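Thanks for coming. I will talk through one structure, starting with charged side chains and then moving to a sheet.

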Amino acid sequence: MKHLLKLLDLTGDEITELLNLADQLKYELKHGIPHPHLAGKTLGMLFTKASTRTRVSFEVGMVQLGGYPLILSGNDLQIGRGEPVQDTARVLSRYIDGLMIRTFSQQDPEDLAKYGSIPIINGLTDMYHPCQVLADLMTIREYKGKLEGLKLCYIGDGNNMANSLTVGGLKTGMAVSIAAPKGYGPAKEVLDFAAGYPGKFNLTDDIFTAAKDADVVVTDVWASMGQEQEIIQRQKDFAGYQVNTKLMSHAKADAIVLHCLPAHREEEITTEIFEAHAAEIFDEAENRLHAQKAVLVKLMKG
């Protein structure tokens, strides 16, 4: 494992290894056990998309690991004014020990990894959100004690979350069911990957079929960052794709609900369901810190 660009690049065992390390780091933090694994290391954090959880969790995590986080933005770098990404990658590789990027195009972290010589971490792109899904898997294990054999249901847009949840869920032994309106399903390369797991993956436009006997129900906003101009059309297309009491009656009685946040209450999820499952949703948010620290240690230590 040289980079974290997408979960498609990792094996199930590698994902599990990261989750185990995240559990250990979380335990040490909660018990006041120092773990300065990255003392003397610098992580660059490049943002072309606004962020709350990604910025704070990576910055705090790097400090807890004994390293130094360096905040960058597209306005700070020549890459935002036409410098080729291959030149930026090679220059940054001379200055810092790792780079996290939160951006629009999946090609950006892929190119940085191709041309640079330091670990690249995908903090979010329009295509994949691997760090969030590692936190989701960590949270599911905490609440359910396992991943293998569980059913994960996702309701909503076939976006970066649906893509990464499908891959991460299947690679760790879960069954995955996605409910999305026609035309809003996951990416083709994800569907091609899922085809290798016959009987474990289902894509439907029926939310109740998707939620039947689910152990975990996940949702996300109807319009991701950069899609705000489509919100009126999306509100029409996604009407009914809501996690509510009726939907949850089709899942298992002890099903948990996850949301990567921010949540638009009364759109993709009702306030009632959100608050009933706030414990796991905010544990999920906290676990971004621990899961990302595991990624940082795995990629940057030594």
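Salt bridges and a sheet

Let me start with one residue, Glu275, which is partly exposed at 46% relative accessibility. Please keep in mind that this is a predicted model. Glu275 has a salt-bridge partner, Arg265, with 3.6 Å from N to O. Where do the two residues of this pair sit? Glu275 is in helix 11, residues 271-276, and Arg265 is in the loop between strand 9 (256-259) and helix 11, 10 residues apart. Arg265 is partly exposed too, with a relative accessible area of 37%.

There is also a network to point out. Lys6, Asp9 and Glu110 are joined into one by salt bridges that share partners.

Now the total. How many salt bridges does the model have? The count comes to 17. As background, side chains of opposite charge can pair when their charged atoms come close.

Another of these pairs is Glu142 with Lys26, where the closest N and O atoms are 2.8 Å apart. This salt bridge links distant parts of the chain, since Glu142 belongs to helix 5 (residues 130-144) and Lys26 to helix 1 (residues 12-30), 116 residues apart. Is Lys26 buried or exposed? With a relative accessibility of 13%, Lys26 counts as buried, because the cut-off for buried is under 20%. Glu142, by contrast, is partly exposed, at 35%.

The next pair is Glu230 and Arg234, whose side chains meet in a salt bridge at 3.0 Å, N to O. Here Arg234 is buried, at 5% relative accessibility, while Glu230 is partly exposed, at 32%.

That leaves the sheet. In what order do its strands run? The order is 2-1-3-4, four strands in an open sheet with parallel pairing. Strand 2 (68-73) and strand 4 (120-124) are at the edges, and each has a single partner strand, so one side of each lacks a neighbour in the sheet. From one strand to the next, the twist averages 20°.

Looking at one edge, strand 4 pairs with strand 3 (residues 98-102) in the parallel sense, over four bridges. Within this pairing, Leu99 stands opposite Ile120 of strand 4. Which helix packs on the sheet here, touching strand 3 and strand 4? That is helix 4, residues 107-115, and its direction makes about 165° with that of strand 3.

That is the end of my part.

Definitions and conventions: Residues are numbered from 1 along each chain as its sequence is written. This is a predicted model: local features need pLDDT of at least 70, side-chain atom pairs count only at pLDDT 80 or more; totals for chains, interfaces and linings use all residues. Side-chain values use heavy atoms; hydrogens and water are left out. A salt bridge is a side-chain nitrogen of Lys or Arg within 4 Å of a carboxyl oxygen of Asp or Glu. Helices (H or I, at least four residues) and strands (E, at least two) are DSSP runs, numbered from the N terminus. Buried means under 20% relative accessible area, exposed over 50%, partly exposed in between (1.4 Å probe, protein chains only). Two strands pair if DSSP finds at least two bridges between them. Axes are lines fitted to C-alpha atoms, for helices over the stretch in contact, and angles run from 0 to 180 degrees between N-to-C directions. Contact means heavy atoms within 4.5 Å.
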